[in-house]
Amino acid sequence: MLQQRTLKSITRAVGVGLHSGQRVELTLRPAPADTGIVFRRVDLPEPVDIPMRAESVTDTRLASTVSTGGAKVQTVEHIMSACAGLGLDNLYIDITADEVPILDGSASSFVFLLQSAGIELQKAPRRFIRVLRPVEVREGEGDNLKWARLDPYHGFKLSFEIDFDHRVVNATGQRYEFDLSVGQYARDIARARTFGFTKEVEYMRSKGLALGGGLDNAIVMDDHKVLNAGGLRYDDEFVKHKILDAMGDLYIVGKPLLAAYSAFRSGHALNNKLLRELLAQSDAYEIVTFEDTRQAPRGFGEIARAW
């Protein structure tokens with residue numbers, strides 16, 4: 001059967017939160033089968049567990065924030081994207097502050113951490129959410145229109161189109177499709193960094209946000225060019241980062257999706273709205289396992305390797 005996966009050993013990382021600027025420590029630990037991915041705020045007087053579910057998302061301004069009661073963890077999408085890309089089902093993430101460290105602004109550092117710890121198969125079937133009919137959410141009209149959609153697909157495919165009126169972004173291509181059956185997440189997606197514009201950074205900092213951001217963990221552009229000395233990692237890094245974010249946002253549902261995701265100008269809020277819309281329609285999905293790995297979609301049976 002296609003088995004669930006966790007880590008073989010414990011691994012750790014230290015960094016700063018993108019928005020808070022706080023120092024934060026992460027400890028990634030193996031978890032039993034059927035645990036899912038659980039953040040644990042170990043800095044609180046009594047540790048609080050926050051399991052990954054669509055309804056755990058309580059704030060989507062600039063990042064995906066999950067919470068239980070009064071405990072929260074911000075900016076979970078990059079590490080969740082790495083877990084989705086590597087097919088990791090069960091994991092405890094101990095965290096000493098309320099924001100996941102931004103590290104280099106992509107998911108590649110998390111991929112490295114997870115791969116370094118090793119991935120172990122567990123004696124339980126991997127459960128998927130298979131989309132049975134189209135589900136779509138839309139917001140705005142005309143120039144303000146944005147939407148996200150899930151369609152039935154025997155695998156996992158993402159197609160994203162961005163719409164930034166900026167000469168650098170225009171020159172790189174604003175649409176990209178990634179199919180887990182033919183692409184390699186660690187090679188094709190994981191290294192794409194978050195990005196922003198100098199005028200936006202100045203405004204956000206005036207509001208107490210992006211306090212940990214800089215050229216070492218984000219692509220920063222002025223009105224004309226990329227300011228990072230090394231330039232871009234991918235020719236189409238901007239739209240690839242949106243794919244990276246979407247993979248993380250969607251994996252918050254708690255199980256891998258069997259679906260084709262497509263989106264235009266979507267973000268954290270609309271991605272979570274799409275998950276909730278799917279779960280609200282019991283005839284739109286089913287939970288499946290694969291007793292015979294040969295029946296599973298290509299790309300799910302293998303343990304992903306680092307690039």
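**Group meeting: strands, helices and spaces in a predicted model**

Let me begin with a single pair of residues: V66 stands opposite V73 in strand 8. Before going further, I should say that this is a predicted model.

The pair belongs to a small stretch of antiparallel strands. Strand 7 and strand 8, the latter covering residues 71–73, run antiparallel and are joined by 3 bridges. The hairpin they form has 2 residues between the strands, and in it G69 takes a positive phi near 60°. On the other side of the discussion is strand 6, residues 57–59, which pairs with strand 7, residues 65–68, in the antiparallel sense over 2 bridges. Here D59 has T65 of strand 7 as its bridge partner. The hairpin of strand 6 and strand 7 has 5 residues between the strands, and L62 adopts a positive phi near 70° there. Please remember L62, since that residue will return.

I turn now to a sheet. What is the order of the strands in the open sheet of 5 strands? The order is 2-3-9-4-5, and the pairing is mixed. Strand 2 (11–16) and strand 5 (48–51) are the edge strands, each pairing on one side only. On average, neighbouring strands of this sheet are turned by 25° against each other, direction ignored. Helix 2, residues 108–117, packs on the sheet and touches strand 2, strand 3 and strand 9. The direction of helix 2 makes about 165° with that of strand 2. Within the sheet, strand 3 (residues 23–30) and strand 9 (residues 91–95) pair in the antiparallel sense over 5 bridges. One example is P30, whose bridge partner in strand 9 is L91.

Strand 14, residues 156–161, offers a useful exercise in direction. With strand 18 (residues 257–264), strand 14 pairs in the parallel sense over 6 bridges, and K157 stands opposite A260. With strand 15 (residues 175–179), strand 14 pairs in the antiparallel sense over 5 bridges, and S159 stands opposite E177.

Next, a pair of helices. Two packed helices are described by the angle between their axes and the distance between the axes. For helix 1 (residues 77–86) and helix 6 (residues 237–251), the axes come within 7 Å and cross at roughly 85°. Angles of 65 to 115 degrees count as roughly perpendicular, and helix 1 and helix 6 are therefore roughly perpendicular to each other. Among the residues making the contact are M80 and C83 of helix 1, and L244 and Y251 of helix 6. By class, this contact has 6 nonpolar, 5 polar and 3 charged residues.

Finally, the spaces. The largest pocket holds about 1100 Å³ of space. Which of its 40 lining residues are the closest to its centre? They are L62, F164, F195, E200 and K242, so here is the L62 that takes a positive phi in the hairpin of strand 6 and strand 7. Helix 1 and helix 6 each supply at least two residues of this lining, as do strand 16, helix 5, strand 17 and helix 7. By class, the pocket lining has 18 nonpolar, 13 polar and 9 charged residues.

There is also 1 cavity of 30 Å³ or more. The largest cavity has a volume of about 30 Å³. Its lining consists of I37, M52, M80, D89, Y251, G254 and K255, which divide into 4 nonpolar, 1 polar and 2 charged. Two of these names, M80 and Y251, also appear in the contact between helix 1 and helix 6. Thank you for your attention.

Notes: Residues numbered from 1 in each chain as written. Predicted model: local features only at pLDDT ≥ 70, side-chain atom pairs only at ≥ 80, totals over all residues. Heavy atoms only, no water. 1 Å grid on protein atoms, 1.4 Å probe; cavity = no way out; pocket = protein on both sides within 12 Å on 5 of 7 lines; lining within 4 Å. Points joined across faces, edges and corners; volume = space filled by probe spheres on them. Nonpolar A, V, L, I, M, F, W, Y, C, P; charged D, E, K, R; others polar. Pairing = 2+ DSSP bridges. Helix = DSSP H or I, 4+ residues; strand = E, 2+ residues; numbered from the N terminus. Axes fitted to C-alpha atoms, helices over the stretch in contact; angles between N-to-C directions. Contact = heavy atoms within 4.5 Å. Parallel < 35°, antiparallel > 145°, perpendicular 65-115°, else oblique.
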